Amino acid sequence: MQLLPGFITALTLSTGVFAQGWHGCAAGFSCQNDEQCRNQLDCQQEAHNNLDKIHCGQANHPVACWAYTN
């Protein structure tokens, strides 16, 4: 049972690392595919005009746009 708190801490820290650099964009817009998000000006700005860094959906927000900012 002593391993459980350590496991939870490690899982929490690793999740934060993977999420760094990703930001939601096109607030209020529901997407069905990456192309729809890539057409949104604020997503383009978040991704520094690199369209390959703009995507639609993820596990908890399947119709939200996301841009990788790093």
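This is a short conversation about how to read a few features of a predicted model.

Q: Let's begin with the sheet. In what order do its three strands stand?
A: Reading across this open sheet, the order is β1-β3-β2, and the pairing is antiparallel.

Q: Why is one side of β1 and of β2 left without a neighbour in the sheet?
A: Strands β1 (22-25) and β2 (54-56) stand at the edges and each has a single partner strand, so one side of each has no neighbour there. Neighbouring strands are also turned against each other, by 30° on average with direction ignored.

Q: How many bridges join β1 and β3, and how many join β2 and β3?
A: There are four bridges between β1 and β3, in the antiparallel sense. Between β2 and β3 (residues 65-68) there are three, again antiparallel.

Q: Which residues in β3 stand opposite H23 and C56?
A: For H23, the bridge partner in β3 is A67. C56 stands opposite C65 in that strand.

Q: Now the interior. What should I know about nonpolar side chains in general?
A: In soluble globular proteins, such side chains tend to be buried together. Here is the case in this model. The largest nonpolar core has ten residues: C25, A26, C31, C37, C43, A47, I54, C56, C65 and A67. At least two residues of this core come from β2, and at least two from β3.

Q: What is C65 in contact with, leaving aside its neighbours within four places in sequence?
A: The contacts of C65 are then H23, G24, C25, A26, F29, C31, C37, C43 and H55. Among these contacts are C25, A26, C31, C37 and C43, which belong to the largest nonpolar core, as does C65 itself.

Q: And how is a pair of aromatic rings described?
A: One gives the distance of the centres and the angle of the planes. This structure holds one aromatic pair. Its members are W22 and Y68, at 5.1 Å centre to centre with 55° between the planes, and the pair is tilted.

Q: Which parts does this pair tie together?
A: W22 lies in strand β1 and Y68 in strand β3, so the pair links parts that are 46 residues apart in sequence.

Q: Are W22 and Y68 buried, exposed or partly exposed?
A: W22 is partly exposed, with a relative accessible area of 34%. Y68 also counts as partly exposed, at 26% relative accessibility.

Technical notes. Residues are numbered from 1 along each chain as its sequence is written. This is a predicted model: local features need pLDDT of at least 70, side-chain atom pairs count only at pLDDT 80 or more; totals for chains, interfaces and linings use all residues. Side-chain values use heavy atoms; hydrogens and water are left out. Two strands pair if DSSP finds at least two bridges between them. Axes are lines fitted to C-alpha atoms, for helices over the stretch in contact, and angles run from 0 to 180 degrees between N-to-C directions. A nonpolar core is a set of buried Ala, Val, Leu, Ile, Met, Phe, Trp, Tyr and Cys residues joined through side-chain atoms within 4.5 Å. Buried means under 20% relative accessible area, exposed over 50%, partly exposed in between (1.4 Å probe, protein chains only). Contact means heavy atoms within 4.5 Å. Rings of Phe, Tyr and Trp (its six-membered ring) pair if their centres lie within 6.5 Å; planes under 30 degrees apart count as stacked, over 60 as edge-to-face and the rest as tilted.
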